[in-house]
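Student: I am new to this kind of material and would like to learn how each description is justified. Could we go through it step by step?

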Amino acid sequence: MLTYIKKNKFQNIILLLVIIANMALYVYGNYLKVNLVNALMKSNISKGLFWFLLSLIIFLIMMIIRKIEVVQTEKTTQTQLNLIRKDILKNLTSLTYQEFSKESKDQYNSWLNNDAILLDTDGYKEIYFMIENIFLVLFSSFALFTFHWILFATTLGLALILLILPKLFQKKMVKATQEVSNSAEKALKESNDKLKGYEVIYHNQQFDFLTSRLLQVYEQLKAVKISKAKLVSTAMMCTVGLSFLSQSVILGVNALLAFQHIVLLGTLLVSGNFAGNIFNGLNTIADCFTIALGTDKLLTKYPKVSNQRESKSVSTFEKKLSFENVSIKLGDKKITYPNFEN
């Protein structure tokens with residue numbers, strides 16, 4: 001999938017800049033809450049009102065940028081999906097008829113439609129969501145470091161543990177994604193086969209047969225999707241639980257620092273949020289990477305045709321067609337047609 005991101009550099013650079021701006025404003029808006037709380041604790045209403053209005057302005061700007069990000073993400077993703085479709089079609093049309101016939105047309109149709117949906121939702125969207133969380137983690141870590149290095153060091157140690165945990169599910173996630181793709185192809189093929197022969201089914205009144213066979217493959221598709229959902233939920237349960245525990249530890253450390261007057265009391269309000277951003281962000285990064293990596297494997301099953309193979313296929317096809325005209329006489333009329341020699 002990274003190949004097509006490189007082919008679509010301009011749109012991806014724009015999207016990256018929008019993501020950075022969005023995450024920077026989000027973290028900065030939360031950072032201002034420290035000043036707001038400290039001003040209110042000192043009964044400084046004018047400063048408190050200033051920080052509140054500034055936070056509100058930043059929030060409104062962030063909402064506008066967020067809308068731009070959503071639209072740009074969709075535009076960039078769809079462009080790359082069409083680039084993939086273009087390469088698939090280019091490779092398929094470069095095959096000889098015998099090579100093309102080795103796979104069913106339903107499978108090719110599934111590549112262009114079912115797999116494209118997976119590459120969209122579980123591929124590129126996951127990659128961009130992962131990038132968004134990377135910058136969220138970076139900016140939140142910097143914010144914690146400005147409070148005190150102990151908060152940052154504690155967060156870093158807990159974060160390393162969170163990064164290791166999702167690797168336990170990585171191979172299973174890749175396998176589950178492949179099973180969903182294969183089952184979707186099988187369901188589409190079975191559906192097309194049975195509906196193409198509907199006239200025969202109707203003539204023989206075999207409606208129960210049609211219904212049972214189609215529901216059977218869709219039940220199989222349902223089973224593999226549920227299996228994948230169970231795997232995803234188990235991974236999320238483990239990572240979210242550890243994340244919650246880590247946030248509690250950060251709040252405890254921050255409270256100790258505040259009671260010793262090492263940090264301001266206002267940091268208690270936002271340090272938990274920043275720690276949550278870091279831990280949840282790391283969980284999301286790991287999950288997105290695992291899902292996207294599994295989805296990327298879909299691209300390996302498409303035919304790869306080199307330039308040499310393409311020229312060979314064309315020359316072979318040209319040799320098969322000899323356009324020497326042949327004429328026959330039918331009464332007073334003479335008919336000429338091309339002679340296609342095998």
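**Reasoning from value to word**

Tutor: Helix α11 is a good place to begin in this predicted model: of its 30 residues 22 are buried, so the helix is largely enclosed by the rest of the structure.

Student: What makes the length of helix α11 agree with its 30 residues?

Tutor: At 1.5 Å a residue, the helix, which covers residues 267-296, should span 44 Å, and because its end C-alpha atoms are 42 Å apart, the two values agree.

Student: Why is A275, which lies in helix α11, called buried?

Tutor: The word applies under 20% relative accessible area, and A275 has a value of 0%, so A275 is buried. Leaving aside neighbours within four places in sequence, A275 is in contact with L144, Q247 and I250.

Student: How do you know that A275 and Q247 are apart in sequence, and what is the distance between them in space?

Tutor: They are separated by 28 residues in sequence, while their C-alpha atoms are 5.8 Å apart in space.

Student: Is S55, in helix α3 (residues 45-93), buried or exposed, and why?

Tutor: The relative accessible area of S55 is 17%, and because the cut-off for buried is under 20%, S55 counts as buried. Not counting residues up to four places away in sequence, S55 touches G29 and L32.

Student: What share of the whole chain counts as buried?

Tutor: Of its 342 residues, 40% do. The chain exposes about 20,300 Å², and carbon and sulfur atoms supply 66% of that area.

Student: Which elements make up the chain, and in what pattern?

Tutor: There are twelve helices and two strands, and read along the sequence they follow the pattern α-α-α-α-α-α-α-α-α-α-α-α-β-β. Among contacts with a separation of 6 or more, residues 24 or more positions apart account for 80%.

Student: How confident is the prediction, and where is confidence lowest and highest?

Tutor: The mean pLDDT of the chain is 75, with 79% of the residues reaching 70 or more. Confidence is lowest in helix α12 (residues 307-320), at a mean of 40, and highest in helix α2 (residues 9-41), at 88. Over residues 305-342 the pLDDT is below 50, although this stretch has 39 contacts in the model beyond near neighbours in sequence.

Student: Why should one be careful where pLDDT is low?

Tutor: Where pLDDT is low, the predicted coordinates should not be read in detail.

Conventions
Residues numbered from 1 in each chain as written. Predicted model: local features only at pLDDT ≥ 70, side-chain atom pairs only at ≥ 80, totals over all residues. Heavy atoms only, no water. pLDDT = per-residue confidence, 0-100. Helix = DSSP H or I, 4+ residues; strand = E, 2+ residues; numbered from the N terminus. Contact = heavy atoms within 4.5 Å. Expected span 1.5 Å × (residues − 1). Buried < 20%, exposed > 50% of the residue type's maximum accessible area, 1.4 Å probe, protein only. Areas by Shrake-Rupley, 256 points an atom, 1.4 Å probe, with all protein chains shown as cover.
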